[in-house]
Amino acid sequence: MKKSIKVTKLISLVLLVSLLITVIMAGCSSKPATPPAPATTPPPSTAPAPQPATPAANPVAVKEWVLPTLAVQTGPIAFAGLPFHWASDYAAAEINAAGGIRGVPLKLTHFDSGFPDTTKSAAVASKAIPGALLINGPMIYPEVAAMSQLIIDAKIANINAADDPMFLDQMKPYGIAQLQSYPKGATIGGLKWLELNPNMKNVAIFYDATQPELVESVKVVTAAFAKKNVKVTPCETVGADQFDFAATVLKAIQGQCDGFYSFLLDFQSAGVAKELVNRGKKTGPNYLMVYASNGPALFTTGKGFVEDSYLWDDFNVAATNPEWKKFLEDYAKQFQGQVPTESAISGYDAVYAFKVAIETLGITGDPAKLAAERKMIVDFLYNSPELPGIEKTYKYKNVNGEKIAPYYLVQIKNNAFVNVATMPNVKP
Amino acid sequence: MLVSIQLYLEILGIYILLLWAMYLPFRGGQLYNGPFYCMAIGAYTAAYTTKILGYPHGVAIIIALILATLIGFLTSLAFSRTTGIVTATASMALIFIVVAIINNFDLIGASRGIWGIPKFHGLLPTIYIVVILMGIIVFRIENSRFGRALEAMRTDLDLANTLGVNMPHLSTFVMTLASAMGALAGVFYAFTVQSILAQNFSFSLLLTIMAMLFIGGRYTMWGVLVSAPVLWAIQLWFPASIAKFTNIFYGALLVIILVIRPEGIISREMLQRLTARIKSRSRRIKPFAASPQN
């Protein structure tokens, strides 16, 4: 008996030591994946050059600019958050290689925003906000909700994932959308898809009923499709951790749908396509996906099941400018040949938006002027000029921080995206 | 830093309430998850009454407490007649049912949740006044015939029966009290974060609370006062590179504790030894105090 107690204690001691070693190693390996060496040419300036304030009038008061970057690093959607962190670092490395912002280097501080634990989201926000001029992220709605009051109380600009005008309205003028409006994009993309497939009369929409912006988008799309005499059959899933789509797809088949529209994540859209094909339905041109489906699993799990299918995106994934091509190459090297996700691109763009704001406004970073300079950045971004993105320009509209930029319809050909149409961001 | 400290203390108070709410039925051998769905009901009621109906915070707290406790009471009538895995599973299922109902109930925002809940000035002292009051209630129950009856139930149901313990009544009582504490935790959560979604009250929170309960000590009310501050501090004040592994820490700590010290950090034996030591020291001091010549 005494021996077994000793053995138990020994095992426990080993476990405890292992835990301590893990903690120490975790602290040592705190840096996110290192982005590659930046391009020697200046970063993309797809917008007219901003007019910076006179340096002498507003001398920089800091040795480095600090930009808190919040996105999931662990949990069920870490696959979306890690590219966000990587791409933000990529942009920061480019900026620093070109001399920094107003001659001062930029440093990103990375936080795990904690989804699905939204109490953690509020906790990281309370750590990230003190002293910051802008918060980059998070990139999922429940986290934005958990942090929203802290952001509003701090009166700090927050480029985040709440792209629906109704949500941005709650946080105005501090909430700035990383992405264009989801319901608008879903409608514009959907209507373009209907033009390309005029014979479709009954469309199944696969969506996660626990995500409010998707629920809203389904209503908006249903109304828009009804005007084109196309019926919609909503087919609900129950969260980001659903992997079996038999019941969902059966509902679409029983509804005798001839078109399939997926509002789901990449592995889910791939799973739905696979389920449809296995049950004798064709995907291809009558299968449309949203930007959230643009992820690694689409071309692995979905390989062969999504060929010729369409996807609408906020980003011009088939752009041809050299900076974008280099970004694509470096991203593919870092993430096993994958195509950049919208979270990666928006993380990159947000860092440049921060740079443009500081340079145009002559921000000093002086802690004594923190409140005033936060307000200047809020006002600047809430009704911004054209800002440089990695593959296009965009701006924020002063109604509620909504991002105004075109949508793009692409088709999957031989496991790659081919541009089909550029769709202006106007209310359909 | 001040915002961090305030948030830390507010959420800590909420966790302590939830932990005591889980502890009470567990004292009687029941793993009852009712505090979580009552927390959701309490939070949404408080948010709706303040944000939408415009009632003062005090009125919102009373309405939320009454409604959530009533629902907790009604469900506890059924759970008082079940034991063990049945109670645990069925009450856990109710969490998911309540979350699903909230997500489909447009009146309270459905999956959008409720944002912009009006600020409650004086929230922090209010939380801790309630925590102290609840602590007194839990302590009094522990050290009363109710506590002894719960102990008998936990030890052996048949034994408790033969001793005349009315198990359904007692279970209903502690489960209802636990539901009320869960409701208060929900109300304070809504006023702290000022925006709520149904997802805030799901499995992730349940796992966090269970880990804190088991690590701190599940057979005494004092264990939570050790585990909750420490484990919550990991998320808030450890460097980001370490804090992101919080779930791993919780899981690893839970395994280690269950292996080396299954009763948790603070056990009843430890408390009894400590109490005995304090009493014996005070007895030794008293003879000297009584004779001034010394």
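**Exercise 1. The contact between the chains**

How many residue pairs are in polar contact between chain A and chain B, with both residues at pLDDT 80 or more? Find the number, then describe the side of chain A that touches chain B.

*Solution.* Keep in mind as you work that this is a predicted model.

- Step 1. Between chain A and chain B there are six residue pairs in polar contact.
- Step 2. Look for the elements that give two or more residues to the side of chain A facing this contact: they are α1 (2-28), β2 (106-112), α3 (118-128), α4 (141-154), α5 (165-171) and α7 (212-227) of chain A. The largest share belongs to α4(A), with nine residues.
- Step 3. Sort that side of chain A by class, and you get 23 nonpolar, 15 polar and seven charged residues.

**Exercise 2. Area and charge**

Work out how much area chain A and chain B bury between them, and identify the salt bridge that links them.

*Solution.*

- Step 1. Start with the residues: chain A brings 45 to the contact and chain B brings 41.
- Step 2. Together the two chains bury about 3,500 Å², and carbon and sulfur atoms carry 61% of it.
- Step 3. Now turn to charge. The count of salt bridges between chain A and chain B is one. Its partners are A:E216 and B:R112, whose closest N and O atoms are 2.9 Å apart. With a cut-off of 4 Å, this pair qualifies as a salt bridge.

**Exercise 3. A sheet of seven strands**

Trace the strand order of the seven-stranded sheet in chain A, then find the helices that lie against this part of the chain.

*Solution.*

- Step 1. The order is β7-β6-β8-β9-β10-β14-β15 in chain A, in an open sheet with mixed pairing.
- Step 2. At the edges are β7 (231-237) and β15 (416-423) of chain A, each of which pairs on one side only.
- Step 3. Ignoring direction, neighbouring strands are turned against each other by 25 degrees on average.
- Step 4. Zoom in on one edge: β14 (residues 407-413) of chain A pairs with β15(A) in the antiparallel sense over seven bridges. Here A:V410 is found opposite A:N419 of β15(A).
- Step 5. Add the helices. α7(A) packs on the sheet and touches β6 (202-208), β7 and β8 (259-262) of chain A, with its direction at about 170 degrees to that of β6(A). Helix α8 (residues 246-254) of chain A lies across β6, β7 and β8 of chain A, and runs at about 165 degrees to β7(A).

**Exercise 4. A sheet of three strands**

Which strands form the edges of the sheet β11-β12-β13 in chain A?

*Solution.*

- Step 1. This open sheet of chain A has antiparallel pairing.
- Step 2. Its edge strands are β11 (387-388) and β13 (403-404) of chain A.
- Step 3. For the pairing in detail, see β12 (residues 393-396) of chain A, which two bridges join to β13(A). A:K395 stands opposite A:I404 in β13(A).

**Exercise 5. Backbone exceptions**

Locate the cis peptide bonds at A:P138 and A:P173, and the positive phi at A:N415.

*Solution.*

- Step 1. Recall the usual case: most peptide bonds are trans, and most residues other than glycine have a negative phi.
- Step 2. A:G137 and A:P138 are joined by a cis bond with omega of about 10 degrees; A:P138 sits in the loop between β3 (134-136) and α4 of chain A.
- Step 3. A:K172 and A:P173 are also joined by a cis bond, with omega of about 0 degrees. A:P173 is in the loop between α5 and β5 (175-177) of chain A.
- Step 4. A:N415, although not a glycine, has a positive phi of about 65 degrees. Its place is the loop between β14 and β15 of chain A.

Conventions. Residues are numbered from 1 along each chain as its sequence is written. Chains are lettered from A and ligands numbered from 1 in the order in which they are written. This is a predicted model: local features need pLDDT of at least 70, side-chain atom pairs count only at pLDDT 80 or more; totals for chains, interfaces and linings use all residues. Side-chain values use heavy atoms; hydrogens and water are left out. Contact means heavy atoms within 4.5 Å. Buried area is the accessible area (1.4 Å probe) that two parts lose on being put together, summed over both. A salt bridge is a side-chain nitrogen of Lys or Arg within 4 Å of a carboxyl oxygen of Asp or Glu. A polar contact is a pair of N or O atoms within 3.5 Å; within protein, one must be able to donate a hydrogen and the other to accept it, and residues adjacent in sequence count only if both atoms are side-chain atoms. Helices (H or I, at least four residues) and strands (E, at least two) are DSSP runs, numbered from the N terminus. Ala, Val, Leu, Ile, Met, Phe, Trp, Tyr, Cys and Pro count as nonpolar, Asp, Glu, Lys and Arg as charged, and the others, Gly among them, as polar. Two strands pair if DSSP finds at least two bridges between them. Axes are lines fitted to C-alpha atoms, for helices over the stretch in contact, and angles run from 0 to 180 degrees between N-to-C directions.
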